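Q: Could you take a close look at the side-chain contacts in this model, the aromatic pairs and the salt bridges? I would like the geometry together with the burial of the residues involved.

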Amino acid sequence: MELKEAVTRRKRLLPRGGWLLPTCILCTNGFFANLRPSEPFVTPYLLGPDKNLTERQVFNEIYPVWTYSYLILLFPVFIATDYLRYKPVIILQGLSLIITWFMLLYAQGTLALQFLEFFYGMSTATEIAYYSYIYSMVEPAVYQKVTSYCRTATLTGFTVGSVTGQVLVSVANWSLFSLNVISLISVSIAFSTSWFLPMPMKSLFFHQNVIDAKKSLSVQSGNGGSQQNSDLECSAEELEVRVPLNTDAHNTGVQFPEKKSVTLQKVLRTLWKDFLVCYSSRTLLCWSVWWALSACGYYQVLNYAQGLWEKVAPSSHSNIYNGSVEAVSTLLGAVAVFIFGYVKISWSTWGELLLAGFALIIAVTVYVMDVIGNIWVCYVMYIIFRSIYMILITIATFQIAANLNMECYALVFGVNTFIALLLQTLMTVIVVDSSVLGLDIFTQFKIYAGYFAVIAIIFFVSGLYHCVNNCQQPKQDKLDSSGT
């Protein structure tokens, strides 16, 4: 009876009440955090009468700060997310978004807006908590389901926000300042919902004692007497709640494993060992290299596309449809990803050549976007660019995650993102930052197009070499077998 009472008390204290509640709250948070009608119009807003900044201030002095902040904060946030068990970092993300949009409304001057970009970089770096939180709250059997729900919520929020912004600007003739007010309200709702998220009891590295206790209890329940078996035969969730919180739990006769002390040094040592094991695979290394290289170019184009459109068709002299373009590119990308999921291709054989072909198409779209000088051509090329990238990054995600456990999954994706940011920072410093070259937007996009062309050449050469080796291997095996 004492054991049952301890279990009942523990159930009331633990936040795990199934997968539905935390998933619904997290999806609500993701939807409102991405419902930002003003985001497709940030560049026209900064260049307009509200802020009255020059193009050089916006493109070469303010925007680069986001890249630098994201890079600096990524690894500390990764460690803090695991140590603090996700929820506090999700709350920090919401607070960062509130500060960002509050400053976007009322801050003036280059320095203030550079601080704004720092907080926006913080909100981007803390996204890792949003995407990893749910895995600490649900069983592996529903990982795929909850992942699709959470990603759908963010994409839906972004799409609804973009469409809302476009309708309010083009139809209702609202000011861009008003769109930022709506965005501030939306991210404030997201911040409020984050407080209702249940607090996880475990994490990947620092908090694993609950998992160890569950395993120990499972063994004991299988080897104990008949009465003890009767008390201990329960679900995995009930086993998990028996980790003692007070002295009452120690009177049950069940022996719990001692809590293991996990230090930062041990975590870093584990990460390094996993890193060496993961990247020893040629296939995983290939997809990771593509991920890092392409993500660098993708985010550069994404960050400065509005600047290019503003130069091609200034918002002060023509209608802008940035919101519609962002919404259409997101929707078409999602549809393309869904359709491509049913395409059967031997990625191990032809993957690198296909990556080379798609990278070449991306290079062409970026180049055409830059040289044609027609805003509608820019829009169409941008939609194609984003759709192709979303297809490839989805395939890369699946190929990398297929044979990785959860710990390595987080590590590899974190390392790939960090390398991409490192490359992006290097490109930003050299190409964009006013303290070095500070090139104009058209020259920048020519460089981005050339960058993707170089990626295409690298993977074409590597893929061709891989295919030749694969074709020669059966012949060599046949010769070896005939010789014996």
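A: Happy to; here is a walk through the aromatic pairs and then the salt bridges.

A word on the ground rules: this is a predicted model, where local features need pLDDT of at least 70 and side-chain atom pairs count only at pLDDT 80 or more, while totals for chains, interfaces and linings use all residues. Residues are numbered from 1 along each chain as its sequence is written, and side-chain values use heavy atoms, with hydrogens and water left out.

Let's begin with the rings. The structure holds 21 aromatic pairs (rings of Phe, Tyr and Trp, the last by its six-membered ring, with centres within 6.5 Å; planes under 30 degrees apart are stacked, over 60 edge-to-face, the rest tilted). One of them joins Phe31 and Phe32, an edge-to-face pair with 5.2 Å from centre to centre and 90° between the planes. Phe32 is partly exposed at 24% relative accessibility (buried means under 20% relative accessible area, exposed over 50%, partly exposed in between, using a 1.4 Å probe and protein chains only).

Trp66 and Tyr70 make a tilted pair, because their ring centres are 5.4 Å apart and their planes stand at 55°. Both belong to helix α4, residues 55-84, where they sit four residues apart, about one turn of the helix (helices are DSSP runs of H or I with at least four residues, numbered from the N terminus). Trp66 and Tyr70 are both buried. Elsewhere, one aromatic cluster includes Trp290, Tyr298, Tyr299, Trp309, Trp376 and Phe452.

Now for the charged side chains. There are four salt bridges in the structure (a side-chain nitrogen of Lys or Arg within 4 Å of a carboxyl oxygen of Asp or Glu). Among them is Glu39 with Arg36, whose closest N and O atoms are 2.7 Å apart; both residues are buried.

Helix α4 returns in another bridge, where Lys311 meets Glu55 at 3.1 Å, N to O. Since Lys311 lies in helix α14 (residues 282-312) and Glu55 in helix α4, the pair ties together parts that are 256 residues apart in sequence. Lys311 is partly exposed, at 35% relative accessible area, and Glu55 is also partly exposed, at 32%.

Lys446 and Asp370 form a further salt bridge, with 3.0 Å between the closest N and O atoms. Lys446 is in helix α19 (residues 441-483) and Asp370 in helix α16 (residues 347-371), so this pair ties together parts 76 residues apart in sequence. Here Lys446 is partly exposed at 40% relative accessible area, whereas Asp370 is buried at 3%.

Technical notes. Helices (H or I, at least four residues) and strands (E, at least two) are DSSP runs, numbered from the N terminus.
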